[in-house]
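Trainee: I've got the sequence and the coordinates open. Can we go through this one together, with me asking and you reasoning?

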Amino acid sequence: MPGAADRESGMTSTFAGLRAAFAPPVPQSLEELGISSTLVLDLCLRRLMLEGFCTLASLSSSLRLSIPIIDWAFRTMRSQQLIEVKGMVGNDYQFTLTAAGKQLASDRFQITQYAGACPVSLKQYHAATKHQTAHVHVDRRSLKSAFSDLVVPDRLLDQLGPAIISQNSIFLYGPSGNGKTSIAERMLRVYQDGVLIPYAVEVDNQIISLYDPVVHHKIEVDDPDIDPRWVLCKRPCLVVGGELIPSMLELRLDESSGIYSAPLQMKSNNGIFIIDDFGRQLMSPRDLLNRWIVPLDRRVDYLTLRYGVKFQIPFELMVVFSTNLDPSDLADEAFLRRIQNKIMIEPVSGEVFDMIFQRVVTSRNLPCDYDSAEYLRKLCLSNGRTELRACYPLDIVNIITSISSYENRQIEISKQDIARAVDLYFAKT
């Protein structure tokens with residue numbers, strides 16, 4: 001395991017690699033900020049309304065804005081008698097809203113309650129996303145390292161490699177239980193860099209919240225030369241399954257707060273978006289494919305604000321479709337043509353099956369007979385079953401663990417327990 005110094009060094013080198021592609025400097029003026037002065041003042045008023053008392057430093061920290069811009073806002077609000085100075089904290093002013101300031105802040109609060117980091121402009125977001133498009137160089141050796149905790153045949157690695165390098169969409173298909181989702185999720189490991197993601201994006205004076213700590217994993221690197229409105233994160237990997245509905249792919253307005261939430265594909269930009277169990281969503285495959293036929297082809301998507309304003313966002317992500325259904329039953333030829341990489345994840349061979357079983361028992365340090373893998377393999381192929389699935393060894397061992405726990409005894413991979421577990425696992429036909 002790497003030590004703290006190694007991890008810090010790794011993050012620093014990651015950040016250094018990123019700066020060559022995209023490193024926005026800290027804006028020192030409204031012109032450099034790219035956001036209207038009205039929006040900046042509204043943010044300050046709402047923040048003051050929430051906090052009661054602020055200093056220039058605390059307001060700068062809360063809104064992720066430089067002191068020169070905060071100082072401009074302070075002087076503007078003071079000249080309009082929206083704030084009053086209550087004292088000093090060291091060399092800094094402490095101030096609060098006047099009655100007129102509270103009234104104006106309340107009015108602004110009715111429009112939107114957003115009072116966080118100042119958003120970046122749509123133009124800035126476009127430029128950043130394009131600059132941070134993934135460029136991956138992998139070979140069989142590096143892919144073996146990325147998938148080291150799985151047993152992946154070389155033939156499959158040689159299909160995945162070119163597909164990942166292309167950064168085009170990938171269609172993984174084949175029988176269930178052979179690792180399609182596991183493979184898709186591990187594709188993220190091929191990326192050796194981070195991306196800067198804005199807290200929020202401004203479109204037509206509306207604020208779209210983008211940074212999501214559930215999706216975006218922050219890299220803790222402090223660089224005072226980088227615009228603090230951006231967060232350094234690992235490249236995102238978002239997985240959705242049967243819960244996917246059309247509204248998740250559109251802007252969602254919280255009526256109570258007046259804040260838009262970015263759709264899933266926007267949160268996945270510069271990363272991977274995995275649609276697991278494709279074809280089993282609440283959203284029909286046809287609706288999803290029709291929604292994305294243009295983005296997959298042209299690398300741009302179109303979103304619409306509540307009052308009808310439509311705008312363009314980048315679609316710089318690798319979409320991975322994973323399904324155990326026949327691709328021809330899910331999409332027509334025109335759509336499948338736009339998914340250039342179609343990879344079948346086949347049932348595993350006997351040799352691979354035995355290797356997976358051995359990895360499972362070794363990782364858990366479980367005793368077993370030398371021919372346990374062969375015995376399990378034969379049982380899995382009995383009663384008319386003709387295919388081995390990669391999930392069988394782990395699932396069977398988990399059942400054996402439960403049997404041992406039920407009988408209050410030490411876990412042992414005996415042939416008797418293997419037979420009991422197999423009998424529980426497979427449905428009678």
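Trainee: Let's start with S257: buried or exposed?
Mentor: Keep in mind that this is a predicted model. The cut-off for buried is under 20% relative accessible area. S257 has 11%, so it counts as buried.

Trainee: And where is S257 found, and what does it touch?
Mentor: S257 is found in the loop between β11 (252–254) and β12 (259–261). Leaving out residues up to four places away in sequence, its contacts are I111, T112, Q113 and Y114.

Trainee: How far can I trust the model overall, and where does pLDDT stay under 50?
Mentor: The chain averages a pLDDT of 91, and 95% of the residues score at least 70. The stretch to be wary of has 20 contacts beyond four places in sequence in the model. Its pLDDT stays under 50, and it covers residues 1–20.

Trainee: Give me the overall picture. How many helices and strands are there, and what share of the residues is buried?
Mentor: Along the principal axes, the C-alpha atoms fill a box of roughly 85 × 50 × 40 Å. Of the contacts with a separation of 6 or more, 71% are between residues 24 or more positions apart. The secondary structure comes to 18 helices and 17 strands. As for the buried share of the 429 residues, that is 49%.

Trainee: There's an open sheet of five strands with parallel pairing. Which strands stand at its edges?
Mentor: Read the order across the sheet: β10-β13-β16-β5-β17. A strand at the edge has a single partner, so one of its sides is left without a neighbour in the sheet. On average, neighbouring strands are turned by 15° against each other, direction ignored. The edge strands are β10 (237–240) and β17 (341–344).

Trainee: In that sheet, which residue of β16 is the bridge partner of I272?
Mentor: Strand β13 (residues 272–275) pairs with strand β16 (residues 318–323) in the parallel sense, over four bridges. The partner of I272 in β16 is M318.

Trainee: Which helices pack on the sheet, and at what angles?
Mentor: Helix α9 (residues 154–166) touches β5 (170–173), β16 and β17, and its direction makes about 155° with that of β17. Helix α12 (residues 285–298) touches β13 and β16. For α12, the angle with the direction of β16 is about 150°.

Trainee: Now the β2 and β3 hairpin: which residue there takes a positive phi?
Mentor: Six bridges join β2 (residues 83–89) to β3, and the two run antiparallel. One of the bridged pairs is V89 with D92. Two residues lie between the strands, and the one with a positive phi, near 65°, is G90.

Trainee: β3 pairs with β1 as well. Which residue of β3 is the bridge partner of T55?
Mentor: Strand β1 (residues 53–55) and strand β3 (residues 92–97) pair in the antiparallel sense over three bridges. In β3, T55 is matched with Q94.

Trainee: Is the span of α15 in line with its length or out of line, and what is the distance between its ends?
Mentor: Helix α15 (residues 350–363) has 14 residues, and at 1.5 Å a residue they should span 20 Å. The end C-alpha atoms agree with that, at a distance of 20 Å.

Trainee: Which residues of α15 are buried, and what do they pack against?
Mentor: The buried ones are V352, F353, I356, F357, V360 and V361. They cover an arc of only 170° around the axis, so they sit on the same side of α15. The face turned away from them carries the exposed E351, T362 and S363. The packing partners of the buried side are α16 (372–380) and α17 (392–406).

Trainee: Last one: Q167 and N408 both take a positive phi, so which of them is buried and which exposed?
Mentor: Most residues other than glycine have a negative phi, which is why such cases deserve a look. Q167 has phi near 60° and is placed in the loop between α9 and β5, while N408, at about 55°, is found in the loop between α17 and α18 (415–425). Relative accessible area is 9% for Q167 and 73% for N408. So the buried one is Q167, and the exposed one is N408.

Definitions and conventions
Residues are numbered from 1 along each chain as its sequence is written. This is a predicted model: local features need pLDDT of at least 70, side-chain atom pairs count only at pLDDT 80 or more; totals for chains, interfaces and linings use all residues. Side-chain values use heavy atoms; hydrogens and water are left out. Two strands pair if DSSP finds at least two bridges between them. Axes are lines fitted to C-alpha atoms, for helices over the stretch in contact, and angles run from 0 to 180 degrees between N-to-C directions. Contact means heavy atoms within 4.5 Å. The expected span of a helix is 1.5 Å times one less than its number of residues. Buried means under 20% relative accessible area, exposed over 50%, partly exposed in between (1.4 Å probe, protein chains only). The arc is that of the directions from the helix axis to the C-beta atoms. pLDDT is the predictor's confidence in each residue, from 0 to 100.
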